[in-house]
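Here is a short report on one protein chain. It starts from a single residue and then widens to the whole fold.

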Amino acid sequence: MSRIPFNVHATDGAARTGELVFPRGSIRTPAFMPVGTAATVKALYADQVAATGADVVLGNTYHLMLRPGAERVAAFGGLHEFMRWDKPILTDSGGFQVMSLAALRKLDKDGVTFQSHIDGSTHRLTPERSVEIQRLLGADVTMQFDECVRLPAPRDDVERAMRLSLAWAERSKAAFGSPQGRALFGIVQGGDQADLRKVSARELVAVGFDGYAVGGLAVGEPQDVMLAMLGETVPELPSDRPRYLMGVGTPDDILKSIARGVDMFDCVMPTRAGRHGQAFTRFGKMNLKNARFAEDKRPLDETSDCPAARDYSRAYLHHLVKSGEILGMMLLSWANIAYYQALTAGARSAIASGAFADYAAETTAGWARGDA
């Protein structure tokens, strides 16, 4: 039996809404988790992130082990105290960086040796060390150490990474032990190969985890391939455990994945887009660099609960972006995180009332209609 209760409150087709309960607070699902890679959601105060409705944020093992160091964070009382966030935190195991830092690393069956992208110093990550770092950080959700491959990739490479990830999953679970009030998630790999995805999911379920993530997607493949892999993978995962699609994605990706039974999401997209002058809204995506906004007195969305989206004119946001002002990045990042939270809150409400298909259709139609 899992240490962490997960209660499914309602279903609507494959979509479902529920709650993952931790001592520090509950994560309402479907949930979008803002990414706080280096102990900060970029350009936002922790209080602002919480005010958007976020129940959980992410930290990253790779980045935090390099700077400021996991032991140093632990000495300050853990990541919650360090960054002033009192709700749950999920930590990525560092496995994604195994892929993204291919030129700086050497992979073997035991783990990964790599050079820091900061100063070139040499470091070692194994399943045991990854779990230890996440314990030092104080993660509420620990992710198993895994390897994913960028797609497209030869089948042999995909299968090798999947098998290695399964071996590392068992080692991660052994290293994690049985702490109270904390969860360990396994990660399904298998690239764009449906049969390998099924094997990975079934073997992870046999090992037994508190939740199950689908990794190695949104790494170069088209959306239809990602959705097809979800269609093959999600039915293999336990219905009484949360399902987390890692690193995804656009609002459209999220709605389509919720319809396939996914509960949790994360992505750097809303804050990265905000730093580059782009806003996600119920009217679709807006590029505030465009000259058409220079005289536009309207806010991004007058119905939004977020001050950044409701109280500042598009003309002002355009000016800030064109001038390279930091405030523009801050406001658009805030508005984008708020929009993603509103999107998933709307999904929770729609699922609870049995109207998710209508909600998804109306939301998609709003994006297509635009703001004219």
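## Thr 142 and its surroundings

Leaving aside neighbours within four places in sequence, Thr 142 is in contact with Thr 91, Val 131, Gln 134, Phe 176, Arg 182, Ala 183, Leu 184 and Phe 185. The model is predicted. Thr 142 sits in strand β10, residues 141-143. Its relative accessible area is 0%. The cut-off for buried is under 20%, so Thr 142 counts as buried.

Two of these partners, Val 131 and Gln 134, are buried residues of helix α6, which covers residues 127-137. The other buried residues of α6 are Pro 127, Ser 130, Ile 133, Leu 136 and Leu 137. Gly 138 comes just after α6 and takes a positive phi of about 90°.

## Overall build

The protein has 15 helices and 16 strands. Its radius of gyration is 20 Å, and the globule rule gives 21 Å for 372 residues. The two values are close, so the protein is as compact as a globular protein of that length. Along the principal axes, the C-alpha trace spans about 60 × 50 × 40 Å.

Contacts with a separation of 6 or more were also sorted by sequence distance. Residues 24 or more positions apart account for 66% of them. Buried residues make up 55% of the 372 residues.

## Surface and charge

The accessible surface comes to about 15,200 Å². Carbon and sulfur atoms hold 52% of that surface. The protein carries 42 positive and 43 negative side chains. The centres of the two sets lie 3 Å apart.

## Nonpolar cores

In soluble globular proteins, nonpolar side chains tend to be buried together. The largest nonpolar core here has 92 residues. Trp 85, Leu 230, Leu 245, Ile 258, Leu 288, Leu 300 and Phe 356 touch the most other members. Helix α14, residues 326-352, supplies the largest share of this core, with 12 residues. A second, separate core has 20 residues, including Ile 4, Ile 27, Ala 31 and Ile 187.

What does Leu 245 touch, not counting residues up to four places away in sequence? Its partners are Val 214, Leu 217, Met 226, Leu 230, Ser 257, Val 262, Met 264, Phe 265 and Asp 266. Among them, Leu 230 is also listed with the core members that touch the most others.

## Helices α10 and α9

Helix α10 runs over residues 251-258. Seven of its eight residues are buried, so α10 is largely enclosed by the rest of the structure. The buried ones are Pro 251, Asp 252, Asp 253, Ile 254, Leu 255, Ser 257 and Ile 258. Of these, Ser 257 is a partner of Leu 245.

Helix α9 covers residues 223-233 and holds Ala 228. Ala 228 counts as partly exposed, at 36% relative accessibility. Ala 228 and Asp 192 are 36 residues apart in sequence. Their C-alpha atoms are 8.6 Å apart in space.

## A long-range pairing at Thr 52

Is Thr 52 buried or exposed? Thr 52 is buried, with a relative accessible area of 15%. This residue lies in the loop between α1 (46-51) and β5 (57-60).

Thr 52 and Ile 337 are 285 residues apart along the chain, yet their C-alpha atoms are separated by 6.9 Å. Not counting residues up to four places away in sequence, Thr 52 touches Trp 334, Ile 337, Ala 338 and Gln 341.

## Backbone exceptions

Most residues other than glycine have a negative phi, and most peptide bonds are trans. Ala 39 has a phi near 70°, a positive value in a residue other than glycine. Ala 43 also has a positive phi, of about 75°. Ala 39 lies in the loop between β4 and α1, and Ala 43 is found in the loop between β4 and α1 too. Ala 39 counts as buried at 14% relative accessibility, whereas Ala 43 is partly exposed at 30%.

Where do cis peptide bonds occur? One joins Thr 29 and Pro 30, with omega about 0°. Pro 30 is in the loop between β3 (25-29) and β4 (31-34). Another runs from Leu 151 to Pro 152, with omega near -5°. Pro 152 is in the loop between β10 and α7 (155-176).

How values were computed. Residues are numbered from 1 along each chain as its sequence is written. This is a predicted model: local features need pLDDT of at least 70, side-chain atom pairs count only at pLDDT 80 or more; totals for chains, interfaces and linings use all residues. Side-chain values use heavy atoms; hydrogens and water are left out. Helices (H or I, at least four residues) and strands (E, at least two) are DSSP runs, numbered from the N terminus. The radius of gyration is taken over C-alpha atoms; the globule rule is 2.2 Å times the number of residues to the power 0.38. Buried means under 20% relative accessible area, exposed over 50%, partly exposed in between (1.4 Å probe, protein chains only). Contact means heavy atoms within 4.5 Å. Accessible areas come from the Shrake-Rupley method with a 1.4 Å probe; for residues, only the protein chains shown count as cover. Lys and Arg count as positive and Asp and Glu as negative; His and the chain ends are not counted. The place of a charge is taken as NZ of Lys, CZ of Arg, CG of Asp or CD of Glu. A nonpolar core is a set of buried Ala, Val, Leu, Ile, Met, Phe, Trp, Tyr and Cys residues joined through side-chain atoms within 4.5 Å.
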